[in-house]
Every structure is written in structure tokens, then in C-alpha cells.
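User: I'd love a close look at one part of this model, namely the aromatic pairs and the sheets and loops around them. Could you walk me through that in one go?

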Amino acid sequence: MKRPIVAIRGEPGLSQTLALARTSGLNVTGIPLFLVHPLDWALPADVDFDGLLIGSANAIRHGGAPLERCKHLPVYAVGRQTAEAAEGAGFTVSHVGTGGLQSVLDHSRARLKRFLRLAGSERVPLETHAGQEIVEICVYDNAPVPAPDSLADSLALGGVVLLHSAVATLHFTNECNRMGIDRSRIILAALGPRIVQDAGTGWAAIHIADRPRDAALLALAENICQ
């Protein structure tokens with residue numbers, strides 16, 4: 001019997017993951033453990049930035065009306081999905097990263113000095129280089145919600161859990177502890193190494209996708225289940 005594959009990210013990302021899985025003939029169960037909702041925010045009075053740092057498509061999806069005043073700024077996106085969301089909203093994408101938002105910042109250090117980072121309430125800290133400045137604004141919240149009983153039922157005999165963020169790893173770990181789910185039966189499949197750096201021990205295995213893209217993560221899960 002193949003191991004079940006479970007995706008726990010919030011919407012609308014969850015539906016996108018499930019749709020991509022279906023096109024590949026892969027059976028993935030969606031059990032969202034996060035509820036994404038917009039926050040009230042405003043641009044700073046000084047909007048003289050060199051570019052927008054965007055680490056999640058949720059910043060575009062939930063940014064709301066203030067985004068219109070940012071359309072003149074080139075977007076530096078963490079990955080292809082985020083870049084596509086920005087382009088769909090009318091932004092010009094200048095760079096698409098492949099190894100996390102820090103690598104995007106590193107790539108631009110010689111040319112761009114001042115960034116506006118639109119992010120969620122939980123985000124990866126970034127290290128600036130000499131002369132660089134990042135102004136960070138929270139535009140959405142990705143709030144964890146308690147796992148339903150169906151999560152424990154789905155993973156009773158083990159399985160593969162898809163992880164898209166470090167926050168998801170921590171929340172899933174806590175829910176396993178709360179619900180008495182045996183982590184020694186569970187394989188974690190993560191979109192990038194930072195996502196599972198604080199996953200702890202006791203899992204059946206931890207695997208990292210070779211690229212921070214959903215297609216690569218799903219391919220990894222399929223290989224695990226062979």
C-alpha cells in the first residue's frame with residue numbers, strides 16, 4: 001500500500017498544490033492547518049525604494065488597495081509562483097530566485113540598495129549587506145488552526161507530509177504532539193532546507209525538494225512513495 005500524501009498549507013495555495021498533483025496523477029489529501037487573511041496596512045510616507053522584495057504570493061493576493069501605489073517598483077520574487085502572482089497583478093518582475101529570499105537579496109546587492117518587503121506576520125529574517133536597507137510591512141497573517149481529527153486518521157499508518165514553510169513545520173509538529181500522532185511513521189517533504197531546520201528528531205525521514213517549486217516537491221513525494 002502506498003503511503004498517503006498530505007498537504008497542510010492554507011488556501012489558496014492548497015488548492016493550487018492539489019490541482020497540480022491531479023495533473024500529475026498524484027493523489028494528495030488536503031487538510032489546511034492555516035487560515036490566511038489580509039491585514040490593514042499603509043505605505044510609508046517615503047516611497048523612494050529600488051524594488052519590492054516578495055517572499056510569498058500571499059503578499060500579492062492579500063495586499064489590497066495599497067499595492068496600486070507600488071506598481072512602479074520592480075519585483076524581486078522568491079520563486080516562480082510568487083513571480084507569476086506578481087505579473088498577474090500587473091507588476092514587472094526583475095528577478096526570480098531559486099534558493100530563498102536571502103539569495104534574492106544577495107543577487108541584487110551590487111545594484112539595489114533600498115527595498116520594501118511586503119510579507120506575512122511570520123517571515124524568515126534577512127541579512128542585509130553594507131549599504132542595503134529593508135523596510136518591512138506585514139500585509140497578511142497566516143494563522144495556524146487546530147488540526148481536525150481527519151489528520152490523525154489520514155496519518156494513522158504513516159505518510160508523507162508536504163511542508164511549504166518553517167511555520168508549517170512547527171505547527172504540524174505541535175499538532176502531532178497534541179493529537180498523539182506517531183512521528184516515527186511520518187516522512188517530511190519540504191520545499192527548502194530552512195523549512196525543516198527546526199523540525200527536531202524522531203521522524204521517519206526528512207527530504208528536501210531539489211528546487212523550491214511545487215512541481216519539484218510533488219515529484220519528490222511521488223518518488224518517496226514508490
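Analyst: Happy to; what follows goes from the aromatic pairs to the sheets, and then to a few single residues.

Please keep in mind that this is a predicted model. The count of aromatic pairs comes to two. One of them is formed by Y76 and F115, whose ring centres are 5.7 Å apart and whose planes stand at 85 degrees, an edge-to-face arrangement. This pair joins distant parts of the chain, since Y76 sits in strand β5 (residues 75–77) and F115 in strand β7 (residues 114–120), 39 residues apart. Y76 and F115 are both buried.

The other pair is made by F172 and W203: with 5.8 Å between the ring centres and 20 degrees between the planes, it counts as stacked, because planes under 30 degrees apart meet that description. Here too the pair links distant parts of the chain, with F172 in helix α6 (residues 166–179) and W203 in the loop between β10 (186–190) and β11 (205–208), 31 residues apart. F172 is buried, and W203 is buried as well.

W203 has a further partner, in that R183 lies over the face of its ring, 4.6 Å from the ring centre. A second charge over a ring is found at F91, where K71 lies over the face at 5.5 Å from the ring centre.

Now to the sheet that holds Y76 and F115. What is the strand order of the open sheet built from six strands? The order is β3-β8-β7-β4-β5-β6, and the pairing is mixed. At its edges are β3 (34–38) and β6 (93–96), each pairing on one side only. From one strand to the next, the twist averages 25 degrees.

Within this sheet, strand β4 (residues 51–54) pairs with β5 in the parallel sense, over three bridges. Y76 comes up again at this point: this β5 residue is the bridge partner of L53. So Y76 takes part both in the edge-to-face pair with F115 and in a bridge with L53, and is buried. Across β4, β5 and β6 lies helix α3 (residues 80–88), which runs at about 170 degrees to β6.

The loop carrying W203 takes us to the other sheet, as this loop runs between β10 and β11. Five strands make up that open sheet, in the order β2-β1-β9-β10-β11, with parallel pairing. Its edge strands are β2 (28–30) and β11, and each of these pairs on one side only. On average, neighbouring strands of this sheet are turned by 25 degrees against each other, direction ignored.

The strands on either side of the W203 loop are themselves partners: β10 and β11 pair in the parallel sense over four bridges. A189 stands opposite H207 in β11. Elsewhere on this sheet, helix α1 (residues 13–23) lies across β1 (5–7), β2 and β9 (159–163), and runs at about 165 degrees to β2.

Let's follow the chain on from helix α6, the home of F172. G180 lies in the loop between α6 and β10. Is G180 buried or exposed? G180 is exposed, because its relative accessible area of 63% lies over the 50% cut-off. The C-alpha atom of G180 is 8.2 Å from that of A152, with these positions 28 residues apart along the chain.

Q102 offers a contrasting setting. This residue is found in helix α4 (residues 101–107). With a relative accessible area of 12%, Q102 is buried, because this value is under 20%. Its contacts, leaving aside neighbours within four places in sequence, are P125, L126, E127, H129 and R194.

Last come the cysteines. How many disulfides does a search of the whole structure find? The search finds zero. C138 is in no disulfide, and the nearest cysteine sulfur, which belongs to C70, is 14 Å away. C138 is partly exposed, at 26% relative accessible area. C176 is likewise in no disulfide; its nearest cysteine sulfur is that of C225, 16 Å away. C176 counts as buried, at 1% relative accessibility.

Definitions and conventions: Residues numbered from 1 in each chain as written. Predicted model: local features only at pLDDT ≥ 70, side-chain atom pairs only at ≥ 80, totals over all residues. Heavy atoms only, no water. Phe/Tyr/Trp six-rings, centres within 6.5 Å; stacked < 30°, edge-to-face > 60°. Helix = DSSP H or I, 4+ residues; strand = E, 2+ residues; numbered from the N terminus. Buried < 20%, exposed > 50% of the residue type's maximum accessible area, 1.4 Å probe, protein only. Lys NZ or Arg CZ within 6 Å of the ring centre and 35° of its normal. Pairing = 2+ DSSP bridges. Axes fitted to C-alpha atoms, helices over the stretch in contact; angles between N-to-C directions. Contact = heavy atoms within 4.5 Å. Disulfide = S-S within 2.5 Å.
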